[in-house]
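Here are my notes from a read through the model, in the order I'd go over them with you. Have the coordinates open while you read.

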Amino acid sequence: MMQRNDRMEQTAQARPMDITPDESGRLVWGNGLISLVFQTSPDAAVTLVALSGTGMPRADSATWAQRDPRPIVEVLSSRDGSTDNRLKLLSTSTGALLRFAQARSWRDAACVRHLEITQREPVSGLSATSVFEAHEGVSAVRTYTRLSCPTRYPIEGVSSVSVTLPMEANSAAVESTRIYYGDSAWAVENDWHSAMLRDTVVRDRNFEGQSEESSSRFARRSSSMWSTGEHEPAGVLEVTPYEHRDVAVPPDDDSSESRPATDPRWQALSPTERREQRGIAQAQAAGSTPSPFSVMWQIENNGAWEWEVGENDPGLHVTAFGPEYEDHHWFTSLGEGNDFVSVPASLAIAAGDWQQAVAQMTLQRRALRIQKAEELGRRPMIERMNSLVVYNDYMNTLWGDPRLDKELALIEGASKLDVDVFCIDAGWYDSTDGGWWNMVGEWEPSTNRFGDRGLSGVAQAVREHGMGLGLWLEPEVIGTRSPMASKLPDEAFICRHGERVADSDRYLLDFRSPEARRHVDQTVDRLIRDFGAVFFKFDYNSVPGVGTDVNAESVGGGLLSHARAYLDWLDDLRRRHPDVMIENCGSGAMRADYAQLSRLDLQSTSDQCDPLIYAAIAAGAGMTILPEQQGNWGYAQQEMSDETASLTLAAGVLGRLYLSGFINRMDQARLGLVNDAVALHRRILARQGDLAPWWPAGLPDFEGDWLVSGLRSIHESAGSGYVTIWRRRGRESLDIPFESNADGSSALRVEQVFPDPSQPEHAPHAAQWRVEDQGSGLIRFTAGQTDTPSARIYRISIDR
C-alpha cells in the first residue's frame, strides 16, 4: 500500500501545478538544498531577491531581500535596446517591461524539480518563460529561457542565467569577493586564475556619488564552435563576509543620505565601508549569520556564449548568454510560430570557499549525464563505460602514421596491460602517404598501410588480444581534396556568401542538412558493422567562423541551429548504438562543454606532448570536466627515467588514464610501473562517482614549481581522499594544509600509493620522498632528489 501511495504521489507531482505569490509578492522554490526567492510586482519585472545553497541559512519568504536585484531575464531587442547605453546586454528595455503572469511547479518521475515563471510584455504580448530545474541532492539549478510572441519582435540577445547574489544577507560586499576564471588555448588548456574582483575591471566607482548602474563588468566570451578554445564557459565567485565593526548605523531606508551626521566613526568611513556596514546591520537585523559562500556557473552550449559579472548598488550579479548579436551576429525575429529557446546554463551555490561550489557543480555535471543517459535509454552503459581503460596509438607514439608492423607490435604490447580498448588514431584511412589531413571524408580504410591484412585484419588482431577496437574519426569535416567533397552537394556544407566555408583545407558539414547527416550516419554504421568498432575518438580541428547565411535569419542563428542539429545527431547515434563508447576530443579540448559532455563518455584534456606542461593541464582539469571524463594522457616510454615515467602516468590516475607510448619497447619493470598505475586507477574508478575534485594547496598555478590536485568524498570527512603532487622545479619541499581536529582527537594518515611502494622493482631509481607531519594538519612533502622533476600519489585518511 505504501508503494502504491508513493507511485500516486509521484504521478500527482508530475503534473504542473500553478503556484501563487504570497501576500508580499514572493515565490519560494528549491529542492531542499538550493533555495530561490523571487519577487513579483504589478509594476516591475520579476527579480531574484534571495538565494541560498547547501550549508547556508535557507532563503525563504522572510529572508532579507537583496537591494537593487536584477530581473531574472534580460531580453535585448533592436526595437528598444537598453535603458542604459553603457551596458551592452543588461538593463534591457524589453526585459524591464515584462510583468509576472504565471508560475508552475512540479517534480517529474526522475525526481527532478521544475519551476516555470512566465512573464509578458503587455503591449506586444511577448512572453518570456524562465525555466528552472533542480536535481535531488544537488545544490544547483539549471536554467534557460523560452520566448514567444504573436507578432513580429526582433531579438538580439536573451539571457540563460540572470542572478543577483545574496550579498547583504551574508554581510558581504564586492571588496570581499574573489573571482575564479579559466583560460584555454591549444596545448595549454585548463589554465585557471583567481583575483580579487576589485583588482579586475570591476573597480569601485562610488555609487553614493553616482547612483547610475555601473558599466564595469568582468566578461568572457567564445565565438564559433570551439566553445572552450579561448576561455572556459564557467566561473566561480567566492564571497567572504566582512568583519563586523562597531559603528552606529541607522535603520536602512534605501537613502544614501540616511546616516547620523554627528557620529565621527561613521564620518570616518569611506563610501564602500558605509555600504558594507549598512549591509551588515541589515543582515543582523534580519537574524542572519554572516557566512562565506561561493557560486559557480557554466554555459552548456557547443558553440558561442558570453558570461559576465557586474556590480549593482549594492551587490553583484552573474548573467550568462548563448550567442547574441554584438559578439556573435545572432538574431531572431519572434512571431508566426517562430519561438526561441536559449541555451541552458547551470548555477551551483554552497556555503564555504570556491571548492564547495566546484563540488556541487561536479554533482550537477553527473546529474546532467545521468539525466541524458536515462533519456536516451543508455543508463547502464555509462556506468560500464566509466570503468574502461583506453590505449591510443597517437600521442608521442605514431603521430597519425599507422602501419601494419607498428600496429601489430603495439597491439602485442597493449595485451600485456590491463586495458579494454585499443584505439587507432588518425591516418587509418589515408592511402596517399600524407593526405590524412585534407583527404578526410570518405572514411574508407587505407589500401596501402595495412598490407594484405587490411584494417579488418588489424581489427581482428585487437580482438584476439582481448581488447575492443577504437577508431579516430572527424565526422564533421570533408577535406578539400577528398573525393567526398564532389559527391555531396553544397547544401550539405556550411556556406557563406554563396560558397562553401573552408578552414585549414577542410569544408565543414552543416548538420541541418539531411545529406550531411545521411553521410555521417552511413559512415559510423559501416565502421561498426564492418570492423566491429566499439569506441570512437571524435575529433574537431576546423571551425566555420561566425556561421552560415543559408536558410538562416542571421549567420549566428545559422551556427546555433547547426550546433543544435549536431547534438540531435549525437542523441540519435547514442540511441542506435548505446554500447559504443565515444570520446570528445575537439582538437585536444577546444570544445569541452557540457552540451556535448552530457552525451559523451570521455574528454581528451589536451594534445600537449610535454609531460611537465601536461601536469598543469591535468591539475586544473577538475574545474572544467568531471573526473570520470578527464582523458589525461599518460605516455610513459622505455627511455624515460623512472621519475619521468611516473610523472606522466600520475597525470591520469585520478581522472581517466588515457594511455599511449611505445609499450612494445618496454621491459618488465616499465610494464610493471604502467600496470601499477592502471591497477590503482581501476580502484579509484570503482568509487569515483562519489568523489569530487580537491585542491588542498589551493588553485594550481599553471607556471608553478609544485602542482597539487586530488579527489575527495563529498559526503565523508573533508580531509580524506587522494592527492597527486608534482614537483617540476624549485624548492625541495612543499607544505600542504589538510583538515584535522586541533585537539588531536584525529590524526592524518598519509600513504604513498603510486609509484607502488610494495613494488619497488618497478621504479628502482625513483628516490623516496619524505613526508613529515608539522602538526595541526600541516604535512611537509620533500622530493627525494631535486635535479629532476617527479610526482607522487598519496592516499589521505583520518584516524579517529
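1. In what sense do S30 and strand S31 (residues 581-584) pair, and over how many bridges? The pairing is parallel, with four bridges. One pair to look up is Lys537, whose bridge partner in S31 is Glu583. To get from S30 to S31 the chain passes through helix H13 (residues 555-576), and this β-α-β crossover is right-handed. Bear in mind that this is a predicted model.

2. S30 has another neighbour to check. Strand S24 (residues 468-473) pairs with S30, again in the parallel sense, over five bridges. Here Leu469 has Ala533 as its bridge partner in S30. As for exposure, S30 (residues 533-538) is mostly covered, with five of its six residues buried.

3. Next, the open sheet. It has five strands in the order S5-S11-S18-S17-S14, and the pairing is antiparallel. Why is one side of S5 and of strand S14 (217-222) left without a neighbour in the sheet? Both stand at the edges and each has a single partner strand, so there is nothing in the sheet on the other side. Further in, S11 and strand S18 (residues 316-321) pair in the antiparallel sense over five bridges. Ser159 is a handy place to look, as its bridge partner in S18 is Phe321.

4. Now the cavities. The count comes to 10 cavities of 30 Å³ or more, and the largest holds about 150 Å³ of space. Its lining has 18 residues, and those closest to the centre are Ala618, Gln630, Leu654, Ser709 and Gly710. Which element gives the most to the lining of the largest cavity? That is S36, with three residues. The elements that give two or more residues include helix H14 (611-620), helix H15 (642-653) and strand S33 (630-634). Strands S35 (691-694), S36 (706-713) and S37 (721-727) are also among them. If you plan to look at the chemistry of this lining, the split by class is 11 nonpolar, seven polar and no charged residues.

5. Helix H9 (residues 404-414) is worth a look for its burial pattern. Its buried residues are Leu404, Glu407, Leu410, Ile411, Gly413 and Ala414. On an α-helix, residues three or four places apart point the same way, because there are 3.6 residues a turn. You can check that spacing against Leu404, Glu407, Leu410, Ile411 and Ala414, all buried in H9. The cover over the buried residues of H9 includes strand S22 (390-392), helix H8 (394-398), strand S23 (421-424) and helix H10 (454-464).

6. Some backbone geometry to inspect before you set anything up. Asp68 has a positive phi of about 55° although it is not a glycine, and it is found in the loop between strand S4 (44-52) and strand S5 (75-76). Ser171 also has a positive phi of about 55° without being a glycine; its loop is the one between strand S11 (157-164) and strand S12 (177-183). Is each one buried or partly exposed? Asp68 is partly exposed, at a relative accessible area of 32%, whereas Ser171 is buried, at 2%.

7. Last, a cis peptide bond. The bond from Phe754 to Pro755 is cis, with omega near -10°. Pro755 lies in the loop between strand S39 (747-754) and strand S40 (770-775).

Methods:
Residues are numbered from 1 along each chain as its sequence is written. This is a predicted model: local features need pLDDT of at least 70, side-chain atom pairs count only at pLDDT 80 or more; totals for chains, interfaces and linings use all residues. Side-chain values use heavy atoms; hydrogens and water are left out. Buried means under 20% relative accessible area, exposed over 50%, partly exposed in between (1.4 Å probe, protein chains only). Two strands pair if DSSP finds at least two bridges between them. A crossover is right-handed if, with the strands pointing away from the viewer, the path from the first strand over the helix to the second runs clockwise. On a 1 Å grid over the protein atoms alone, a cavity is a set of points where a 1.4 Å probe fits but cannot get out, and a pocket is an open set with protein on both sides within 12 Å along at least five of seven lines; lining residues have an atom within 4 Å of a point. Grid points are joined across faces, edges and corners, and a volume is the space filled by probe spheres set on the points. Ala, Val, Leu, Ile, Met, Phe, Trp, Tyr, Cys and Pro count as nonpolar, Asp, Glu, Lys and Arg as charged, and the others, Gly among them, as polar. Contact means heavy atoms within 4.5 Å.
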